[in-house]
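Student: I'd like a close look at one part of this protein: the sheet that sits around its metal site. Please take me through it strand by strand, and then place it in the rest of the chain.

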Amino acid sequence: MSAADLPEKLYFHVDLDAFYASVEQRDNPELRGLPVIVGGDRSGRGVVSACSYEARVFGVHSAMPVAEACRLCSEAVVLPVRMQRYQEVSAKIMALLETHTPVLQQISIDEAFLDMSGTEKLLGPAYDQAVRLKRIIRTEFGLNASIGIANSRYVAKMASDFRKPDGLHEVRPGCEMDFVAQLDLKDIWGLGKKTRVRLNQLGIHTVEELRKLNEHELRGFLGESSGSYLYLACRGIDPGIFSGKSSRHSISTETTFDRDIHDTATLETVLLELCEQVMYRVYKADAYSQTATIKVRT
Ligand SMILES: [Mg+2]
C-alpha cells in the first residue's frame, strides 16, 4: 500500500458546552433557561468554576469571583461544585465516544479528540457523522456538545470553538488558511495573553498582520519555540501541541484570579480541578513524570 492509498487524516474535537452548569441544569430541570453559576456560595467567597450561557450574557465568566458574578447577574443561581457528579457523567460520555472511534484522546473532563481517519467510506461524510454524534449526546445525556472537524487535532480544536455553543464546524482540507484568517488572535489555540500583549506592542492585532512576519522575525520577537509555534499556528498547521510526538518536558496548567483569594475551600477546589486537568493530559499522552510542581503567585 502506498502513501496515496492511506486515508486522509480526519479528527473531531468534541467539547461539551458549559459542562458543569449544563449537568446541573440537566439534573434539575427547574434550572433550565436560568443563569447558573457553579462555584461556591452567594456569600461571595469562591470563584466561578463554570457558568451557563444564560449567565455569560451578563458578562459572567469562569475564574471570576462569585461575588463579582452576582453583582453582574443578581438573579443567578449559585451552586456548589459537584466534581464527583461531573466526573461520573464525563466517564459515561467518554465511553460513548469511544464506541465512535478507534482512537479516543481525552484532554480534559469535557473535551476529547476522536481520530476519525478512514471512517467516511464506512459511515458517510464527516459532517453527517458529527450531526449524528451531537444528536446522540443530546438524547442520551441531555447535553450539548460542540464539534470541530479538521485534518489535524489543532485545527479541529479551534473549529469546535468557532460556533459554540451547540456548534458544528468543518474545516475542509486546504481551507485551513482561510479558516484561521477569520479568527481573533485570542482564539488562536496556545496564543496566550502575554504573547498577545507583545504582539499588540508590535502593532499586530490580526492574523493577517501576524502572517506578514516570517519565522525568523517571529522567533526574534517571541523566542525560538513561541515564534516557531505561532508561525505554524497562524497558518492552520498543527504546531505539534496534540500530536503526542512532541518532546515537551512538562505538562502544566494554571489559572489567575481576578482578586486575592483567602478561602481555603475555594483554593482547594481550584487546585483539584487543575490537578485533574494535568492528570488527564499526562494519562492520555501516555507519559509519566518524576516531579510535580505547584506554583503559587501572590
Ligand atoms: Mg467545554
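Tutor: Let's begin with a term: two strands count as paired here if DSSP finds at least two bridges between them. One more thing to keep in mind is that this is a predicted model.

With that, the sheet you ask about is an open one of 5 strands, in the order β5-β6-β1-β7-β8, with mixed pairing. At its edges stand β5 and β8 (168–170), each with a single partner strand, so one side of each has no neighbour in the sheet. On average, neighbouring strands of this sheet are turned by 15 degrees against each other, if direction is ignored. A helix packs on the sheet as well: α7 (residues 153–162) touches β1, β5, β6, β7 (145–150) and β8. The direction of α7 makes about 140 degrees with that of β7.

Now let's settle on β6. How many residues of strand β6 (residues 111–115) are buried? The count is 5 of the 5, so β6 is largely enclosed by the rest of the structure. The cover is found on both faces of β6: Glu111, Phe113 and Asp115 are buried on one side, while Ala112 and Leu114 are buried on the other. For the word "buried", the cut-off is under 20% relative accessible area.

Next come the partners of β6. As a reminder, strands of a sheet pair through backbone hydrogen bonds, in either a parallel or an antiparallel way. Strand β1 (residues 11–16) runs antiparallel to β6, and 5 bridges join the two. Strand β5 (residues 103–108) also pairs with β6 in the antiparallel sense, again over 5 bridges. Between β5 and β6 there are 2 residues, and the two strands form a hairpin. To find your way in the viewer, start from aspartate 115 in β6, which is the bridge partner of tyrosine 11 and also of valine 103. Further along, phenylalanine 113 in β6 has glutamine 105 opposite.

From β6 we can step across to β1 and the metal. Aspartate 15 is found in strand β1, and Asp15 (OD) is one of the protein donors of the magnesium ion. The others are Leu16 (O) and Asp110 (OD), and the donors lie 2.2 to 2.4 Å from the ion. In sequence, the donor residues are spaced D-L-x93-D. Are the two donors from the first part of that pattern, D-L, buried or exposed? Aspartate 15 has a relative accessible area of 9%, so it is buried. Leucine 16 has a relative accessible area of 3% and is therefore buried too. Leaving out residues up to four places away in sequence, aspartate 15 touches Asp110, Glu111, Asn144, Ala145, Ser146, Ser160 and Lys164. In that list, Asp110 is a fellow donor of the magnesium ion, and Glu111 is one of the buried residues of β6.

Finally, let's place this in the chain. The chain is divided into domain 1 (8–17 + 84–172), domain 2 (19–81) and domain 3 (179–233). The C-alpha centres of domain 2 and domain 3 lie 33 Å apart.

There is also another sheet to look at, an open one of 3 strands in the order β3-β2-β4, again with mixed pairing. Its edge strands are β3 (50–51) and β4 (77–79), each pairing on one side only. Strand β2 (residues 36–38) and β3 run antiparallel and are joined by 2 bridges, and isoleucine 37 has cysteine 51 as its bridge partner in β3. Helix α1 (residues 19–27) packs on this sheet, where it touches β2, β3 and β4, and its direction makes about 120 degrees with that of β2. Of the 9 residues of α1, 7 are buried; among them are Phe19, Tyr20 and Val23.

Since you work at the bench, a word on cysteines: a search of the whole structure finds 0 disulfides. For cysteine 234, the nearest cysteine sulfur is that of cysteine 175, 17 Å away. Cysteine 234 is buried, with a relative accessible area of 0%, whereas cysteine 275 is partly exposed at 41%.

Note on methods. Residues are numbered from 1 along each chain as its sequence is written. This is a predicted model: local features need pLDDT of at least 70, side-chain atom pairs count only at pLDDT 80 or more; totals for chains, interfaces and linings use all residues. Side-chain values use heavy atoms; hydrogens and water are left out. Buried means under 20% relative accessible area, exposed over 50%, partly exposed in between (1.4 Å probe, protein chains only). Helices (H or I, at least four residues) and strands (E, at least two) are DSSP runs, numbered from the N terminus. Donors are N, O and S atoms within 2.8 Å of the metal (3.2 Å for Na, K and Ca); water is not among the atoms, so sites may look incomplete. Axes are lines fitted to C-alpha atoms, for helices over the stretch in contact, and angles run from 0 to 180 degrees between N-to-C directions. Contact means heavy atoms within 4.5 Å. A disulfide is a pair of cysteine sulfur atoms within 2.5 Å. Domain bounds come from an automatic or database domain assignment.
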